[in-house]
Amino acid sequence: MTENPGSWSISRRRALQLSGGVAAVGAVQLPARAAPAGNQVVLREGTNFMVSVSADGKWLAFDLVTAIWVTPAAGGTSRRLTDDLQDATRPRWSPDGKWIVFQSYRDGNFHLWSIRPDGSGLRQLTSGRYDHREPHVTPDGRSIVFSSDRGGSYGIHRLDLASGAIAALTDEASEEGEPAVSPDGTKVAFTVDTTSIVELDLATGARTTLVAAQTGISVFGPSYSPAGKLAYVRLTGPTCDLVVDGKQVTTGKDVFALPPSWASDLFYTADGTVRRYHLGGGHSVVPFAATVPVTSKRPRPKTPDLESAGKRAVRGIAGPTVSPDGKSLAFRALNALWIATDGHPRKLVADGYFNSDPDFSPDGKKLLYASDRDGTADLWLHDLGSGEDTKLSSLPGAQTAPRFSPDGRQIAYQDQDGIAWALDLASGQVRRLTPTLFQPGRVSWSRDGRTLVLAAVKPFSKRFREGTSQLLYVDVATGALEYVEPMPFRSLATRGDDGPVFSPDGTHLAFVVESLLYVVPVDARGRFTGEPRAITSEVTDSPVWQDDRTLIYLSNGKLRRTTITGGRAETIRLDLQYRRATINQHVTIHAGALWDGRATTLRRDVDVVLDGSRIAAVRPHHGRADVDASGLTVMPGLIDAHNHWHLRGRAWGARQGNLWLAYGITTTRSPGDPAYQMQETREALVSGALRGPRYFATGEAIDGSRVYYNFMRPTLSLRQLGLELDRVEGLAYDLVKTYVRLPIEYQRRAIAFVHQLGLRLSSHYLYPAEHLGMDGMEHTGATNRLGYSHTVSRLGRAYADVVTLFTRAGLSVTPTLFNSTMAHVDDPSLLTDRRTTTLYPSWEYDALMAEVNTARGPAGVTTRELLRGNVDMVLRIHRGGGLVISGTDTPLDNMAVSLHANLRSMVAGGFTPYEALTTATRNPARWLNLQDKLGAVKPGAQADLSFVVGDPLADIRAAAAVEQVMIAGKLHTVDDLLAPYATPVVHTANAPQPLTRDQAHAHDDTYWWHEPEWLHRLCCEG
């Protein structure tokens, strides 16, 4: 049954307005580019900013808050040269002092620009899809030497200003950056892999090592004095110092790892200030005063609905697949597997476990899927005639995302390390098909079964992790690999359910690029024989073939159908609805003690009266109670405000929900997950089909031209940005995250649009995000397109600019204290807690223990110092009136236990237990605009409660001593939560084992990026 698509939604019209496609009437109102008078702060300190001195020594240029400023070298008032949208950093003066060159991310790639010191003459010098960074003007003023990934890795290049011609000066496999030209113009010094400094003779091409690599030492920013002496910055564990002519000239300073700059004296940045080093003498501070606009008022978001119980159409259709005859559709929804014919779905598998990724057998009689019902994800087969389920694998690790070979004799699947394997059904033997890959997409078989194709990332360089999501072809017999871009410099939309997918006859591939469905003719091996062609114009996800010429896909939660000719799409009816799970009860809880989420002390001997899912009253105890917690402290359930359910969701399975609850975490907020996996889980939790905490979430974060994670959306045009925001409204996201390489102009438009939807946004950036109206920043200093943060130094420290902007602007910060591993070193009790040992998959538990053991060694000295700096930053923000909301970035950090490690680290760093607990209760509830519903125990609030042993206001460790937990009035004991996974998992003997950390590092250097996702905390490194 089909229906015609309805009229365009408001969001679709606004989507076109973003790209200028609709008249201005009713268009999205963009924020002003300058703050009203009075909404300003004067910054006298900066974090991780770079200074450059003019040749005459009279003027300084620096890059505070991603803008170029000039100030007298003697100190004084600073003058801003570039606006927010320019996103300008790394300034360098021309030899004559008449212009300044800098790198700018204005158009979505780093390019070189120049400007005069009076702010006139702004000029773009490079363009294109490669990055051009770290400029340095030659002494004759005719050329600029810079670093770029134009050659497949970062190398040193020279731009001739007269002709615009670019020539490579180096062409090595190593990563070369931060070039500096000698005073006579004959040599260039640069870093190599940030471990050594090499000098290149421009006449002979000879290379000389000036600073040799040493284990545990990183070097940055070589700079020549007028006399040819070399200065640079050296990072060694928890210290970062300035070195001049081979001698360390600073001690105990937080020297920023950026190039110093010479005139007669040496200028550098450290401890939040510009400093001047007099050769043979001392150091002095150069004062500056930079006035920066602040946006302190933000629109109030709409209040999320926590109680309505009316029928809702299911939008969370995950992993759809079509039967060989094209008549039936199988998919995951509401924590079950379904089959639908003629729009009428029938539930096939629904046992409370994580059953996912269905695939029809070639004869159409059986359904293959993955399930964790026996402890970890195994392969199962469901007989569509008898309803019988048969287990196909009992291998160590997780077997996920399975696909039948065309002859039905093999099953290709992927494990927790990103390795694809083939299971031979006759023998039960498995064979490795691919090396470990970073978050690869699901495989698709060619018709002859000789080739696999899947989505995989290929970075541009080792220096910066981002690249494009490409088609990876695998020769099934030999394992030979070939990467192919879908189109030049363009990415597959995600590495999840967006293809590539072979047509049944093997003559076409389908995939999604920039949220549109493309098809391309291919040969038997899947190689293109023509150009890819878009066949949809609406937001498109999860394509599957119905027959050789027809495709089904998802668009904002609706199943749609089109042909390879791109005709008018039609909607496929799916009669599937759900309701919110409700509880009809009037219950009294007798609490021995109560922390209500507001008071600084406990109340004793209290009754909490529930009416359904809500708290009806909180009163002194009297009479009989239905729940006896007289020996426990009742407190609000905790909120983890940064996690990613589906980053490893297939491998973790249903146990992650139990684990969060077992540690008293009743609400989670995800700033990035695969859209339909997210939507399915949201609906499953609301309907009661899945056990776990509340889940406020967004789909894929909106990224720029390059990506790394599989759930980031590469966005290359304003029209595409409109499609991405159409999905936000169509799937009713709870929030939006813009990611690392989205240009400022796109971020500005996204903020305006999302605020009109009544939602909030977050990103990795403080400025200019706060001025544009952004609502929050994730991490203290996370992955940044610069390769370093402007909110924390390499030593984890933040300065007054950061604290002032957070406290004055009011946007939140989610610390995600990765270095809180030290809390487990200091108190390992959570490592041996039965909740951890029972609910962690074995490979995740091994990784947790390996991480803690590393922190117990010499590396722990640096980890502890970084943690000290991070906690100091958020404590100053918190006590300055800023909004700190605790989050962990799990599973990149350790599921559930990391929230308690964060809280314990905050208390060890100066927070009171009360202050720390508010960051995981009241504050994130306020961010969600649910401050009266969550994070509090009071009448009208939801009954999301944690029952703990001890007083968490006196001892923060008590917050983890959970005996029972309640969500929306439903009570769970820890024993109940552990029971489904309490039986030890039995695996096939002599089977492939999950990779150890050492094995994961030992990969083929040809494919240096082939590493499992868990090997690095890439979200927050750099």
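Let's start with a sheet: in this predicted model, 4 strands line up in the order E46-E47-E48-E49 to make an open sheet with antiparallel pairing. The ends of the row are strand E46 (501-502) and strand E49 (533-534), edge strands that each pair on one side only. If you're wondering what holds such an arrangement together, strands of a sheet pair through backbone hydrogen bonds, and they can do that in parallel or antiparallel fashion.

Now zoom in on one pairing. How many bridges join strand E48 to E49? There are 2 of them, and strand E48 covers residues 516-521 and runs antiparallel to E49. Across from Val-519 you'll find Arg-533, which belongs to E49.

Next, the holes. Rolling a probe the size of a water molecule over the atoms shows where empty space is left. Searching the whole structure this way turns up 8 cavities of 30 Å³ or more. Here are the two largest, side by side:

| Cavity | Volume | Lining residues | Nonpolar | Polar | Charged |
|---|---|---|---|---|---|
| Largest | about 630 Å³ | 38 residues | 11 residues | 13 residues | 14 residues |
| Second largest | about 230 Å³ | 23 residues | 12 residues | 7 residues | 4 residues |

Which residues lie nearest the centre of the largest cavity? They are Pro-440, His-646, Leu-647, Arg-650 and Asn-710. Several pieces of secondary structure help to build the wall of the largest cavity: strand E38 (400-404), strand E50 (541-547), helix H2 (649-652), helix H4 (675-687) and helix H12 (842-855) each bring at least two residues to the lining.

As for the second largest cavity, the lining residues closest to its centre are Thr-66, Tyr-765, Leu-766, Tyr-767 and His-790.

Finally, step back and take in the protein chain as a whole. Its secondary structure adds up to 18 helices and 71 strands. The chain's radius of gyration is 29 Å, close to the 31 Å that the globule rule gives for 1022 residues, so the chain is as compact as a globular protein of that length. If you follow the C-alpha trace along its principal axes, you get a span of about 85 × 75 × 65 Å.

How much of the chain is tucked away? Of the 1022 residues, 64% count as buried, with the cut-off for that set at under 20% relative accessible area. There's also the matter of who touches whom along the sequence: among contacts with a separation of 6 or more, 59% are between residues 24 or more positions apart.

Conventions:
Residues numbered from 1 in each chain as written. Predicted model: local features only at pLDDT ≥ 70, side-chain atom pairs only at ≥ 80, totals over all residues. Heavy atoms only, no water. Pairing = 2+ DSSP bridges. 1 Å grid on protein atoms, 1.4 Å probe; cavity = no way out; pocket = protein on both sides within 12 Å on 5 of 7 lines; lining within 4 Å. Points joined across faces, edges and corners; volume = space filled by probe spheres on them. Nonpolar A, V, L, I, M, F, W, Y, C, P; charged D, E, K, R; others polar. Rg over C-alpha atoms; globule rule 2.2 N^0.38 Å. Buried < 20%, exposed > 50% of the residue type's maximum accessible area, 1.4 Å probe, protein only. Contact = heavy atoms within 4.5 Å.
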